[in-house]
Amino acid sequence: NPSHGNLNIVNSTGENLNLSIYTMTGQVVHESNIQTGTSTIGLEKLDAGLYFIRYMIDNQAVKTGKLIIK
């Protein structure tokens, strides 16, 4: 972090993750289902700035963090 176009995610939980990316105002701009292993998400359609990213399993938040796109 910061990202310049791709977000690489390693899911070692053994379960599918639901990933959501939000703007500062709470608008969801991306959602994905991440399988176990490594996944790449293209962020080229998002404007530069600060976003929030949340990983969930079975509708329970596992991790929330910041994502900076340059």
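**The β2–β3 hairpin and the core**

Hi everyone, let's start with T23, which sits in the loop between β2 and β3. Please keep in mind that this is a predicted model.

So, is T23 buried or exposed? T23 comes out at 17% relative accessibility, and because the cut-off for buried is under 20%, T23 counts as buried. Who surrounds this threonine? Setting aside neighbours within four places in sequence, T23 is in contact with V29, Y51 and F52. There is also a link inside the loop: the side chains of T23 and T25 are joined by a polar contact of 3.0 Å.

Now let's step out to the strands on either side. β2 covers residues 17–22 and β3 covers residues 28–34, and the two pair in the antiparallel sense over 6 bridges. If you'd like one pair to find on screen, take L17, whose bridge partner in β3 is I34. Together β2 and β3 make a hairpin, with 5 residues between them. Have a look at G26 while you're in the turn: this glycine has a positive phi of about 95°.

Last stop, the largest nonpolar core, which has 15 residues. Which of them touch the most other members? Those are L7, I9, L19, I21, I41, L43 and L67. As for the strands behind this core, at least two residues come from each of β1 (6–11), β2, β5 (49–57) and β6 (60–69). And which strand gives the most? That would be β5, with 4 residues. So our hairpin strand β2 turns up here as well, supplying at least two residues of the core.

Thanks, everyone, and I'm happy to go back to any of the views.

How values were computed:
Residues are numbered from 1 along each chain as its sequence is written. This is a predicted model: local features need pLDDT of at least 70, side-chain atom pairs count only at pLDDT 80 or more; totals for chains, interfaces and linings use all residues. Side-chain values use heavy atoms; hydrogens and water are left out. Two strands pair if DSSP finds at least two bridges between them. Buried means under 20% relative accessible area, exposed over 50%, partly exposed in between (1.4 Å probe, protein chains only). A polar contact is a pair of N or O atoms within 3.5 Å; within protein, one must be able to donate a hydrogen and the other to accept it, and residues adjacent in sequence count only if both atoms are side-chain atoms. Contact means heavy atoms within 4.5 Å. A nonpolar core is a set of buried Ala, Val, Leu, Ile, Met, Phe, Trp, Tyr and Cys residues joined through side-chain atoms within 4.5 Å.
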